[in-house]
Amino acid sequence: MQRLTLLSLGSINADFQVRVDEPAGSRETQLAHDLCRLSGGKASNTAYLGARFGHRSLLLGRVGDDELAEQALDPLRQAGVEVDNVGRAGGQSTGVSMIMVPPDGKKNIVLATNANDCWDDAAIEAMAAAIDGCATPACLVLDYEVPAPVVRQALEAATRNGIQAVLDPSFPDRVEQALLPRLYAITPNVSEAEGLVGHSLDTLDQLANAARQLQRDGPAVVCIKLGDGGCVLTTADQTLHIPPGDVEPVDTTGAGDAFTGVFAVALLEGLEPREAAAWGVAAANLAVTDYGSQPAYADRQQVIELAQKLLENARRLDG
């Protein structure tokens with residue numbers, strides 16, 4: 001297998017994750033157990049998957065000059081992710097996610113972006129230079145848990161170097177609509193898709209129409225990640241619903257990132273969008289079957305085996 005390059009730009013966090021025995025917020029003070037200190041953040045998780053799937057994986061982002069930076073970065077180094085292009089934001093704390101996982105596995109997250117939002121001109125220039133210096137074939141995965149100007153400069157660098165870009169539009173209110181035509185693909189969840197199109201999406205038909213609307217705005221491929229673990233995929237010539245597999249959620253932390261990261265890897269490897277989306281759904285489904293995000297991510301063979309079964313149940317959604 002040819003070793004390709006995945007570039008991941010966005011949030012890098014230290015995760016503090018606990019289990020709670022009641023839904024988050026049901027009491028003013030809740031007892032928790034099973035504390036885990038992990039590496040997290042959207043860019044960290046996609047970078048981890050790039051390395052896990054056997055490719056060169058470069059992480060671009062910002063951490064603080066505190067002890068939490070090593071909590072965020074060391075597991076990635078051990079997985080083979082290149083973190084040399086991660087900058088330090090002086091006087092800032094590393095981004096922190098505080099995650100509560102109730103019995104149904106549907107996590108609740110409080111995010112302090114901290115260093116993720118602290119970019120000066122020199123940091124942005126260094127990030128763009130790293131993309132300019134990247135060997136191709138490559139794919140750039142971005143999220144908006146960093147400032148909009150950072151995403152804008154990264155997309156400009158990707159465009160001039162012929163690098164496909166995949167956007168996870170968190171946070172959707174930061175997304176610059178004028179940049180959508182520069183994307184190859186976009187992977188919102190339902191609430192993010194609602195933020196992008198400006199209205200609620202309550203049915204599969206509404207989701208399909210929203211995906212088509214987003215696709216007409218520029219990205220060649222739109223995948224809306226559904227709350228049940230499936231997705232709605234739209235390209236220029238088809239709209240598909242890929243339902244989830246039969247899994248029992250233990251912890252949904254990082255499942256959306258698993259979709260985006262593995263979807264991007266599959267596109268990078270030359271798979272057609274429908275196959276890439278099935279890989280993404282499979283990765284997201286498998287990610288919820290264990291506790292944590294990166295420690296729960298499946299390997300290539302597990303993903304491929306489940307993806308093949310999921311495609312058998314995919315169906316067209318005609319517009």
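These are my notes on the largest pocket and one open sheet in this structure, which is a predicted model.

**Pocket**

I started with the volume of the largest pocket, which comes out at about 1100 Å³. Next I pulled the lining: 42 residues. Sitting nearest the pocket centre are Lys-107, Asn-189, Thr-252, Ala-255 and Gly-256.

Then I asked myself which elements give two or more residues to that lining. On the strand side I got S2 (13-20), S6 (95-101) and S7 (108-112). On the helix side I got H1 (42-52), H5 (190-197), H7 (255-268) and H8 (273-287). H7 gives the most, with four residues.

I also sorted the lining of the largest pocket by class. Polar residues number 18, nonpolar ones 14 and charged ones 10.

**Sheet**

I went on to the strands, since S2, S6 and S7 had already turned up in the pocket lining. In what order do the four strands of the open sheet run? I read S3-S2-S6-S7, with mixed pairing. S3 (32-40) and S7 are the edge strands, each pairing on one side only. From one strand to the next, the twist averages 15 degrees.

Last, I checked how S2 and S3 are joined. I found seven bridges between them, and the two strands run antiparallel. For one residue I noted the partner too: Asn-13 is bridged to Gly-40 in S3.

**To keep in mind**

S7 is an edge strand of the sheet, and S7 also gives two or more residues to the lining of the largest pocket.

Note on methods:
Residues numbered from 1 in each chain as written. Predicted model: local features only at pLDDT ≥ 70, side-chain atom pairs only at ≥ 80, totals over all residues. Heavy atoms only, no water. 1 Å grid on protein atoms, 1.4 Å probe; cavity = no way out; pocket = protein on both sides within 12 Å on 5 of 7 lines; lining within 4 Å. Points joined across faces, edges and corners; volume = space filled by probe spheres on them. Nonpolar A, V, L, I, M, F, W, Y, C, P; charged D, E, K, R; others polar. Pairing = 2+ DSSP bridges. Axes fitted to C-alpha atoms, helices over the stretch in contact; angles between N-to-C directions.
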